[in-house]
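Dear colleague,

Please find below the structure that I am handing over to you, together with its sequence. My account of what was found in it follows.

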Amino acid sequence: MVETLSAVEARHIALAAQGFGRARPAKPGKRHLLSTIENLGVVQIDSVNVVSRSHYLPLFSRLGPYDRQQLEQLAWGQTPALAEYWAHEASLTPLSTHPLLRWRMQDAAEGVGVWKNVSGFLRSHAEFIDQALDAVRTRGPLAASELDLGAKGEGGWWGWSEGKRAMECLFWTGRLTTATRRGSFERVYDLPERVLPPRIHDAPTPGRADACRQLLTIAARAMGVATERDLRDYFRLGVADARQGVADLVEAGVLAPVTVKGWDQPAYLWPDARRPRSVKGSALLSPFDNLIWFRERTERMFGVRVRLEIYTPAHKRTHGYYVLPFLQDEAITARVDLKADRKAGKLLVLAAHAEPGANDQTPHALVEELEAMARWLGLDAVEVRPVGDLPPKLSPSIGAAT
């Protein structure tokens with residue numbers, strides 16, 4: 001018989017699978033960071049630095065204040081434990097995941113689907129591509145700005161120069177990888193064999209179907225319970241690849257079909273998923289956090305419609321520019337539009353809105369998390385602006401984040 005879960009049980013399973021509801025370590029170190037990323041399977045990278053670049057935030061949400069330099073060392077140090085590639089979007093993954101994405105690199109080289117423009121550029125600029133690759137080979141790790149080849153950016157492809165297009169195409173096809181990041185988060189490229197350890201670089205390439213099954217397995221473990229669409233989105237797999245992969249995993253007993261009350265699609269349970277009776281704790285969530293990045297799942301799971309409004313004209317925004325939902329125990333109870341004013345040493349709450357699930361404890365819990373974030377970011381105080389329905393319940397100036 002197919003097990004039936006209540007919506008509450010499914011939410012508990014999902015939150016626990018994502019690393020919520022556990023006591024935060026007193027002093028998170030590299031071991032905690034790596035364990036969390038391995039549990040999540042992938043962390044999305046985003047360069048917007050209004051508060052903090054997004055890839056730092058999911059670890060803070062789950063572990064509390066940690067040393068961001070330790071994440072940078074894991075990702076871009078001399079002996080990296082993480083790899084950078086297009087996994088969900090631009091992402092960091094455990095090194096072991098890198099070979100599972102080689103089929104996507106091949107798709108990019110062949111111009112399959114969304115990669116059509118990549119293969120077109122590679123063909124039309126073949127000699128230039130060879131020159132760019134040779135420059136990295138002979139000169140060592142290079143940023144696109146150091147390439148000194150091709151025309152400058154003139155619109156299209158985000159205004160990239162030909163050198164940047166060449167480097168990105170080589171990155172997407174796996175002929176280059178990220179060696180490190182510099183300055184304003186500029187990617188520095190190098191040959192994979194000089195960045196990835198031999199056990200990863202020389203590992204056999206799994207077939208596409210096998211790789212997709214392994215990616216779906218990672219996604220299922222990280223989500224606990226999920227629909228096929230949820231599983232597919234985690235690593236942005238195609239419909240056919242995901243559908244066949246899920247069917248194979250069900251047949252092999254890796255996934256268990258379940259019914260979740262209130263969900264209009266069949267669901268699949270990770271059999272070893274934790275099933276807590278309740279989930280306690282608070283967290284500010286990056287808009288690109290794994291828990292909420294698939295908006296359809298977020299609305300189904302929490303009854304909250306989350307939208308990214310960065311590209312929405314200011315006068316049309318509902319909640320603000322860079323809005324972090326606030327997870328309070330098992331519900332999203334508020335949203336805050338945040339900005340780190342580094343010059344003034346303040347974490348600015350430009351707007352704060354309550355959600356229907358908010359209760360009397362929400363303001364206090366939110367203030368505590370805002371103060372913790374301010375300390376983590378090296379800011380001295382949290383300042384709340386009078387926009388939204390929550391600020392009257394918060395102090396207009398919370399004060400020093402000591």
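Which residue in β4 is the bridge partner of A83? The partner is T93. Please note before reading further that this is a predicted model.

The pair A83 and T93 belongs to the contact between β3 and β4. Strand β4 covers residues 90-94, runs antiparallel to β3 and is joined to β3 by five bridges. The sheet in question is open and consists of three strands in the order β2-β4-β3, with antiparallel pairing. Its edge strands are β2 (43-44) and β3 (82-86), each of which pairs on one side only.

A second set of strands lies later in the chain, with β13 (residues 331-341) paired to β12 and to β14.

- Strand β12 (residues 323-328) pairs with β13 over six bridges, in the antiparallel sense. Within this pairing, V323 has D337 of β13 as its bridge partner. Two residues lie between the strands of this hairpin, and D329 takes a positive phi near 60° there.
- Strand β14 (residues 346-354) is likewise antiparallel to β13, and eight bridges connect the two. K346 in β14 stands opposite D341. Here the hairpin has four residues between its strands, and G345 adopts a positive phi near 70°.
- As for exposure, β13 is mostly covered, since eight of its 11 residues are buried.

I turn next to the interior. In soluble globular proteins, nonpolar side chains tend to be buried together. In this model the largest nonpolar core has 125 residues, and V225, L231 and M373 are those with the most contacts inside it. Helix α11 (residues 208-223) gives the most to this core, with nine residues. Leaving out residues up to four places away in sequence, L231 touches L216, A219, A220, M223, A226, V246, L255 and Y268.

Is D230, a residue of helix α12 (residues 228-234), buried or exposed? With a relative accessible area of 1%, D230 falls under the 20% cut-off and is therefore buried. Apart from neighbours within four places in sequence, D230 is in contact with M223, F294, R297 and R300. M223 is thus listed among the contacts of D230 and also among those of L231.

Finally, there is the empty space. The structure holds four cavities of 30 Å³ or more, and the largest cavity has a volume of about 80 Å³. Its lining is made up of P287, R295, V306, R307, L308, E309, H319, G320, Y321, V323, P325 and R335. By class, these residues divide into six nonpolar, two polar and four charged. V323, named above as the bridge partner of D337, is one of the residues lining this cavity.

Among the pockets, I draw your attention to the second largest, which contains about 220 Å³ of space. Its lining comprises 13 residues, and G19, R22, S35, T36 and L63 lie nearest its centre. Helices α2 (30-40) and α3 (57-63) each supply at least two residues of this lining, and α2 gives the most, with five. The lining of this pocket has three nonpolar, six polar and four charged residues.

With kind regards

Key: Residues are numbered from 1 along each chain as its sequence is written. Side-chain values use heavy atoms; hydrogens and water are left out. Two strands pair if DSSP finds at least two bridges between them. Buried means under 20% relative accessible area, exposed over 50%, partly exposed in between (1.4 Å probe, protein chains only). Contact means heavy atoms within 4.5 Å. On a 1 Å grid over the protein atoms alone, a cavity is a set of points where a 1.4 Å probe fits but cannot get out, and a pocket is an open set with protein on both sides within 12 Å along at least five of seven lines; lining residues have an atom within 4 Å of a point. Grid points are joined across faces, edges and corners, and a volume is the space filled by probe spheres set on the points. Ala, Val, Leu, Ile, Met, Phe, Trp, Tyr, Cys and Pro count as nonpolar, Asp, Glu, Lys and Arg as charged, and the others, Gly among them, as polar. A nonpolar core is a set of buried Ala, Val, Leu, Ile, Met, Phe, Trp, Tyr and Cys residues joined through side-chain atoms within 4.5 Å.
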